[in-house]
Structure formats: C-alpha cells, structure tokens
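Please walk through this protein chain with the structure open beside the text. The path starts at a few individual residues and ends with the chain as a whole.

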Amino acid sequence: MSGAYAGDVSSSEAWRMLAEDPSAVLVDVRTRAEWTFVGVADLSPIGKQPVLIEWQSYPAMQVNPRFLEELAAALGAIPAAREAPLFFLCRSGARSASAAARATAAGYAACFNISDGFEGRLDVARHRGTVEGWKASGLPWVQS
C-alpha cells in the first residue's frame with residue numbers, strides 16, 4: 001500500500017524525523033480505548049504532542065466519517081501546513097496505512113505510515129509490545 005502515500009518508516013525513524021523537523025506531526029489513529037489503556041507516544045522530550053484522531057471507532061470499528069475534517073481541525077490548531085510531514089501511527093501499521101493513504105488522497109503532501117506501529121506484531125506468546133513498535137523500541141510513551 002505504500003504507493004498510496006509517501007512511504008513506510010519504523011517507529012525509530014519516525015521519532016528521529018519528528019525530533020529533527022519542527023513541522024513534523026505524529027497522528028495517532030488508534031481508538032480512545034487504546035490511548036487510555038495501552039498508552040500514547042510521549043513527545044514532550046521534543047516539545048510536541050501527538051494528534052489523536054480515531055481512524056475507526058470501537059466497538060463497531062467503522063471508519064470515522066469525519067476523519068479528514070478532524071485532521072484538518074487538529075492540524076489547523078497547531079498550526080501545521082498541508083506540506084508538513086505527517087506520521088500516522090496505529091497498533092501495528094495497518095490502520096495507519098489506510099489513514100495515510102486517505103490523507104494523501106485529500107492533498108496532504110507528506111504522509112508516512114509507521115509500519116511497526118505502537119505495539120508491533122505478536123511475539124511467540126501472542127503478546128504485542130515486545131518484538132517491535134514504538135514501545136519495544138524504547139521510545140518515550142505514557143499510560144493513564
């Protein structure tokens with residue numbers, strides 16, 4: 001799917017680019033439940049906050065019909081230009097790829113999918129957060 005947006009990056013690459021580019025934005029597209037119970041990326045060490053917009057809402061998991069409207073409002077509040085690098089994050093890189101493609105189709109110029117996600121793929125014990133992803137990479141995150 002990477003042909004539909006600027007490309008796939010690892011969580012570590014996204015962190016580096018978010019730190020180096022003052023205009024870069026992290027857009028976490030997981031559900032409210034995931035933000036609350038699993039945690040969120042902590043961008044405070046680089047003076048930023050993630051933008052939280054559900055791509056799909058639990059429990060129905062239907063695509064958020066207001067996604068682009070909510071994205072435009074959130075980016076306008078920062079403010080962030082339509083050309084700013086946007087890094088989309090979900091649990092494992094699937095929903096964020098869809099969100100990056102939708103934002104690209106809507107005219108955002110530099111949308112990237114964080115392909116290993118916040119928790120990454122399942123390990124041998126069928127647990128997430130230990131093999132790859134934002135958490136397993138040792139990047140800053142917080143949990144409520």
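Met61 sits in the loop between E5 and E6. In this predicted model, Met61 is not a glycine, yet its phi is positive, near 60 degrees. Met61 counts as partly exposed because its relative accessibility is 28%, and the partly exposed class runs between 20% and 50%. The loop between E5 and E6 (62-63) also holds Pro59. The peptide bond that leads from Tyr58 into Pro59 is cis, with omega near 5 degrees.

Another cis peptide bond is found between Ile78 and Pro79, where omega is about -15 degrees. Pro79 belongs to the loop that runs between helix H3 (67-77) and strand E7 (85-89).

A positive phi also occurs at Arg126, at about 65 degrees, although Arg126 is not a glycine. Its loop lies between strand E8 (110-114) and strand E9 (141-142). Is Arg126 buried or exposed? With a relative accessibility of 64%, Arg126 counts as exposed, because the cut-off for that class is over 50%.

Now turn to Glu54, in the loop that links strand E4 (51-52) and strand E5 (56-57). Glu54 is a charged residue by type, and its relative accessibility is 10%, so it counts as buried; the class takes residues under 20%. What does the side chain of Glu54 make a polar contact with? The partner is the side chain of Ser57, at 3.0 Å. Beyond the neighbours within four places in sequence, Glu54 is in contact with residues from two stretches of numbering: Val29, Arg30, Thr31, Arg32 and Trp35, and then Asn64 and Phe67.

Gly93 can be read in a similar way. This glycine is placed in the loop between E7 and helix H4 (94-105). Gly93 has a relative accessible area of 10% and is therefore buried. Which residues is Gly93 in contact with, leaving aside its neighbours within four places in sequence? They are Asn113, Ile114, Ser115 and Gly117. Phe118 is 25 residues away from Gly93 along the chain, and the C-alpha atoms of the two are separated by 8.1 Å.

With these sites in place, consider the whole chain. Its secondary structure comes to four helices and nine strands. Read from the N terminus, the elements follow the order β-α-β-α-β-β-β-β-α-β-α-β-β. The radius of gyration is 14 Å, close to the 15 Å that the globule rule gives for 144 residues, so the chain is as compact as a globular protein of that length. The C-alpha trace spans about 40 × 35 × 30 Å along its principal axes.

How much of the chain counts as buried? The share is 44% of the 144 residues, with Glu54 and Gly93 among them. Of the contacts between residues at least 6 apart in sequence, 65% join residues at least 24 apart.

The surface and the charges complete the account. The chain exposes about 7000 Å², and carbon and sulfur atoms supply 53% of that area. There are 13 positive and 15 negative side chains, and the centres of the two sets lie 5 Å apart.

Methods: Residues numbered from 1 in each chain as written. Predicted model: local features only at pLDDT ≥ 70, side-chain atom pairs only at ≥ 80, totals over all residues. Heavy atoms only, no water. Helix = DSSP H or I, 4+ residues; strand = E, 2+ residues; numbered from the N terminus. Buried < 20%, exposed > 50% of the residue type's maximum accessible area, 1.4 Å probe, protein only. Polar contact = N/O pair within 3.5 Å; in protein donor to acceptor, adjacent residues only side chain to side chain. Contact = heavy atoms within 4.5 Å. Rg over C-alpha atoms; globule rule 2.2 N^0.38 Å. Areas by Shrake-Rupley, 256 points an atom, 1.4 Å probe, with all protein chains shown as cover. Charge placed at Lys NZ, Arg CZ, Asp CG, Glu CD.
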